[in-house]
Every structure is written in structure tokens, then in C-alpha cells.
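Reader: I'd like a close look at one part of this model, the enclosed empty space inside it and whatever is built around that space. Could you walk me through it in one go?

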Amino acid sequence: MSVAETDLDERPRDFIRDIVRSDLATGRVEAVVTRFPPEPNGYLHIGHAKSICLNFGVGRDFGGRCHMRFDDTNPTREEHEYIDAIQRDVRWLGFDWGEHLYFASDHFECLYEWARHLIRGGDAYVDDLSADEIRERRGTLTEPGADSPWRDRPADESLDLFARMRAGEFPDGARVLRARIDMASGNINMRDPVLYRIRHAEHPRTGADWCIYPTYDFAHGQSDAVEGVTHSLCTLEFEDHRPLYDWLIERLPTPCVPRQYEFARLNLTYTVMSKRALIRLVQEGHVAGWDDPRMPTLCGMRRRGVPPEAVRDFIGRIGVAKAGNLVDVAMLEHCIRDRLNKRAPRRMGVLDPLKVVIENYPAGEEEALEAVNNPEDREAGVRAVPFGREIFIERDDFMEEPPRKFFRLAPGREVRLRYAYFVTCTGVVRDASGEVVELRCRYDPETRGGNAPDGRKVKGTLHWVSAARAAPAEVRLYDRLFGKPDMSARGDFIADLNPDSVTVLRDCRVEPEARNTAEGAVVQFERQGYFCVDPDTTKDNLVFNRTIGLRDTWAKIRRAEGRRARGGNGP
């Protein structure tokens with residue numbers, strides 16, 4: 001589908017989209033085809049979200065399409081589990097590939113024939129050197145590499161050996177197929193790179209049909225060409241691979257000529273983006289699995305209650321650039337809060353309960369008070385919360401000897417109970433160790449709804465739950481997995497793990513309506529933060545994960561920047 005030239009300026013702008021816009025306007029391409037090509041050897045993380053949003057977004061914005069393709073060329077590291085998880089994550093993020101699901105393994109026969117084409121043309125040869133010997137001869141950034149003694153092997157001999165490699169005649173590592181390019185090239189990727197290697201391993205899709213497999217560099221670009229991809233969008237680490245990508249395309253009978261363009265990958269503070277590092281975290285038990293809510297994986301973010309719209313919003317805000325930079329995680333957290341603030345229903349939950357007995361409230365009686373579901377959404381309506389003689393408040397909301405700016409409950413002090421009444425603390429009850437275990441209060445029945453008819457004001461408003469009707473819950477408070485802002489620096493990242501990245505509270509109380517929250521759905525516990533129901537929830541054990549707290553450091557940063565830009569310090 002072509003896009004009218006008059007429509008091109010209405011699309012989002014970045015340097016990738018400007019290239020696509022120009023290609024359509026000049027007629028270099030008639031229809032835009034991109035692809036998202038993950039290797040199925042791990043779970044997707046927030047860094048992949050940038051590539052997903054860009055590739056699917058460009059296809060959508062210009063009336064084209066985006067393919068989902070798994071570059072499954074390494075059977076020793078790939079599993080069906082990852083294939084299924086990746087598709088699930090991309091769909092969760094809000095994108096779909098329709099009928100255009102591909103695998104590099106779909107093209108194995110074609111790639112094999114194209115490798116034979118290179119051999120016949122003198123552009124590839126079978127090499128008997130071991131992997132270590134090839135590495136030793138590759139040279140350095142300042143010294144050229146050394147030719148293999150098999151570099152001038154006749155094409156017929158290489159064709160015969162390559163066929164015998166495919167037939168399984170040789171063990172792993174005995175031989176490889178290499179491109180014949182230039183061992184003195186300033187780009188080490190062009191120093192006769194390996195195109196095929198022997199791997200006697202079961203493949204997740206092709207089983208034992210193959211025992212030779214193309215390298216990523218050979219399969220990636222050629223699969224693009226087979227599928228008719230017009231714009232191959234890669235992160236910057238593939239920039240030095242582009243000359244090889246182009247060299248192969250020029251020498252093969254491909255049906256089209258994709259062009260590769262590179263953009264900066266996402267680097268996020270307090271976050272590890274290396275797939276190897278994430279695998280280590282899982283395998284060594286530093287986290288509970290790939291979907292641990294502390295992980296930057298998309299499935300971990302989903303389990304933590306992060307809405308996909310917030311991730312897309314974040315990716316849109318950081319934009320697409322050529323130069324890399326370190327993005328403050330507070331910006332992602334701001335996007336999460338912004339989305340949840342608009343849609344998350346409000347509930348009351350007490351994480352560290354302290355019992356309060358309202359002595360002048362009629363014993364055995366209960367009333368239903370009206371509470372707003374979401375002040376940001378008028379259509380969300382209201383709910384009824386039960387109120388009675390005994391309630392729970394947060395232990396931190398009471399101090400016997402409060403400091404000057406402590407406006408919550410203290411002996412002799414009056415505060416407002418959210419949606420309920422004004423109450424005044426009249427006494428405390430201690431256990432044998434002297435710890436306060438219960439408060440005694442009196443309420444003003446004329447202040448129902450939290451307003452005094454005589455106009456008197458109180459500075460403190462507390463959330464609460466009915467002691468008789470509240471539901472017990474386990475609450476998991478998640479924080480950043482790492483304690484160092486820049487995790488891209490070299491070093492043992494395990495040493496930077498935050499020992500306080502999770503706290504489990506097992507004696508919490510939540511209002512009755514919170515029990516009706518669906519798995520994965522997010523609510524705001526007033527004054528506490530945003531929480532979602534975890535899959536570990538059972539009939540007898542309600543489990544909430546803290547998605548994020550209420551404090552928005554990014555918004556504070558932006559306001560400060562705005563004040564500085566205006567040349568003042570005021571609000």
C-alpha cells in the first residue's frame with residue numbers, strides 16, 4: 001500500500017521516519033516493510049520495547065507492515081518457551097503482525113543454496129581451522145589478520161566439503177564456511193567472517209534435519225531480503241556489521257535489496273539491559289524468574305502492573321536518535337504514574353495495621369460510606385465502604401510525642417478519617433512489652449463524610465479500613481533491583497544488587513472491594529501507591545504487588561527545569 005505524498009508530513013518525526021518519508025516520496029520504495037527480529041534465547045526487556053515500537057510504528061505510520069521474525073540460528077540456546085513468551089509480550093505491548101510470522105529456519109534451504117552460490121563465485125570457502133585458530137589469526141584493530149591456509153581451496157572442493165558438512169560427516173568445530181573478503185580490512189567483521197558452523201543439536205523447529213547452521217550475520221540480512229523487507233532497523237552495535245550485510249546482498253540473487261539503518265539503543269538508569277546479565281540473574285537465583293516484578297523484562301513489568309500504554313508513551317517521549325544516552329528511569333516511572341492516575345480505581349489498604357476503637361460509636365452497628373472510585377474519572381462512580389466501631393489505620397499515622405510538622409494522629413489531636421468522620425485520640429493500649437497495640441478514640445457524628453458543619457479544619461486526613469470487614473492480604477513492596485544509576489559501566493553487576501529491592505508484608509488489610517480486583521489489574525491504595533493483584537493470589541491468600549509509589553520525581557525534575565528556564569525559583 002502506497003502513502004500519498006501529501007500525507008507524509010502528518011506522520012511523527014525522527015531521523016528514521018525522515019528516511020522512510022524520503023524513500024516513499026522519491027519512489028525508492030512503494031510500500032514500507034519493517035521487521036522485529038528477536039533471537040528466541042531469552043525474554044524481551046524494556047530495551048526491546050524501543051525496537052518493537054519503532055519497527056511496528058514505522059510500518060503502521062506509513063501504511064505498510066511489520067513482520068515478526070525469529071532469528072533462530074543457534075539451536076543450543078533457543079527454546080519454544082522463548083518463542084511463545086516473545087509473541088505474548090509483543091501483543092501485550094499492543095502490536096500484531098497478522099499473517100506475517102516468520103523464522104530464519106523457514107529459509108534454511110534457501111540460505112544453504114545461497115551459500116553454495118558464494119562458493120561457486122569464489123566468495124566463500126570451507127576452512128579447516130578451529131575456532132581458536134581463526135580467532136588468533138583475525139588480527140587486531142591496528143594489525144591485519146592472517147590468511148587461512150585453506151583460503152584458496154578450490155570451489156569444487158569446498159562445495160564437496162560443504163555438502164558433507166550438511167550430511168553430518170564431521171563433528172562440531174571440525175570445519176566452517178567463511179566468506180572470502182579481506183583479512184586486512186579495517187573492519188574486523190569483514191575479515192573473512194564465518195557464515196556456517198557445524199552444530200549437532202536438536203533445533204526447536206527443524207529438529208534433527210540440519211547439523212549446520214548459518215551465523216546470525218549471514219541469516220539476518222538474507223532473511224530480510226527473502227521477506228521483502230525494505231528498511232532493516234537495527235541498534236548501533238550493528239553499524240559495523242552493515243558493510244558485511246551489504247557485501248552479501250550484492251553477491252547473492254536476492255529478490256530485493258533491504259537497507260539497514262541504525263539507531264541508539266535504550267540505556268536506562270538503575271537497569272541492566274544485557275540479556276546475558278538477565279540470564280545470570282535468573283540462573284543464579286538472584287530473582288524469582290524472568291517475570292520477577294523487579295526485572296526489566298516485559299513479562300516482569302506486566303506482572304508488576306505496568307500498563308503497556310505507559311511503556312509506549314515512554315518510548316515515544318525518549319524519541320529515536322543516532323547518539324546514545326542514559327535515560328533517567330524516573331521518566332519511565334512518571335509515564336507509569338500518569339497512566340495509572342487516570343485509570344486506576346482508588347481503594348484503601350493498610351499495610352501496617354494499628355487497631356483503633358471508637359468508644360462512642362454504637363457497638364454492633366455498621367454503616368456504608370460513599371467513596372469516590374477515581375477523582376480523575378467522573379464516570380468511574382462511587383463505591384460503598386463499611387465503617388464501624390473498630391477500624392485499622394497505619395501504624396506510622398500515630399505518634400505519642402509527635403514532632404512539630406507531624407499532622408496525623410496523636411493523643412488529644414483531632415484528624416479526619418477519609419470519607420468518614422473526625423476522630424480524636426483519647427488513649428492508648430500497650431502490650432506487656434510496652435508497645436502500643438491499640439488506640440482509643442472518640443468521633444464527632446456531625447462530621448459524616450469528613451466535613452465539620454461548624455467549619456473547623458483539621459490538617460491530617462488518614463486512610464483506614466473496617467476491622468470487621470477488611471480482607472487480609474500479602475503485599476510485596478518492590479524497589480529498584482540495582483543501587484547504582486549507571487549500570488553500563490564495567491564491573492560485577494551482582495555486587496550492585498539492591499538488598500532492599502523487595503519487602504514482603506504479610507499482615508496487611510484492604511477494604512472489601514479490593515477483593516474483587518482481577519489478576520493483573522491495578523488499583524491505587526490511597527496515600528500508598530499503585531498495586532496490582534499477583535498471579536500467586538489464591539482463594540485464601542490475596543497478594544498485591546506494588547507497581548509504583550505516588551511520589552513523582554520526574555515531574556519534580558521537569559518543574560525545576562521549567563523554573564530555571566523562566567529564570568526564577570517560584571512555582
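Author: Here is a walk through the cavities, followed by the sheet that shares a helix with one of them.

Keep in mind that this is a predicted model. Searching the whole structure turns up two cavities of 30 Å³ or more. Let's start with the largest, which has a volume of about 80 Å³. Its lining is made up of Tyr-216, Asp-217, His-220, Gly-221, Phe-238, His-241, Leu-244, Tyr-245 and Gln-260. Two elements give two or more residues to that lining, namely helix H7 (216-227) and helix H8 (242-251). H7 is the top contributor, with four residues. As for chemistry, the wall of the largest cavity splits into four nonpolar residues, four polar ones and one charged one. Asp is counted as charged, and the lining includes Asp-217.

Now for the second largest cavity, which holds about 40 Å³ of space. Around it you'll find Met-348, Val-385, Pro-386, Trp-464, Val-465, Ser-466, Glu-511 and Pro-512. Here strands do the supplying: S16 (382-388) and S22 (465-466) each bring at least two residues to the lining. The make-up of this wall is six nonpolar residues, one polar and one charged.

Back to H7, since there's another side to its story. Helix H7 also packs on an open sheet of three strands, and to place it we need that sheet. The strand order is S1-S2-S3, with parallel pairing. Strand S1 (33-36) and strand S3 (101-103) sit at the edges with a single partner strand each, so one side of each has no neighbour in the sheet. On average, neighbouring strands are turned by 35 degrees against each other, direction ignored. Strand S2 (residues 65-70) runs parallel to S3, and three bridges join the two. If you want a spot to click on, Phe-70 stands opposite Phe-103 in S3.

Two helices to look at on this sheet are H2 and H7. Helix H2 (residues 46-61) packs on the sheet and touches S1 and S2, with its direction making about 160 degrees with that of S1. H7 packs on the sheet as well, touching S1, S2 and S3, and its direction makes about 135 degrees with that of S2. So much for the sheet; to tie things up, H7 gives four residues to the lining of the largest cavity and also touches S1, S2 and S3 of the sheet.

Note on methods
Residues are numbered from 1 along each chain as its sequence is written. This is a predicted model: local features need pLDDT of at least 70, side-chain atom pairs count only at pLDDT 80 or more; totals for chains, interfaces and linings use all residues. Side-chain values use heavy atoms; hydrogens and water are left out. On a 1 Å grid over the protein atoms alone, a cavity is a set of points where a 1.4 Å probe fits but cannot get out, and a pocket is an open set with protein on both sides within 12 Å along at least five of seven lines; lining residues have an atom within 4 Å of a point. Grid points are joined across faces, edges and corners, and a volume is the space filled by probe spheres set on the points. Two strands pair if DSSP finds at least two bridges between them. Axes are lines fitted to C-alpha atoms, for helices over the stretch in contact, and angles run from 0 to 180 degrees between N-to-C directions. Contact means heavy atoms within 4.5 Å.
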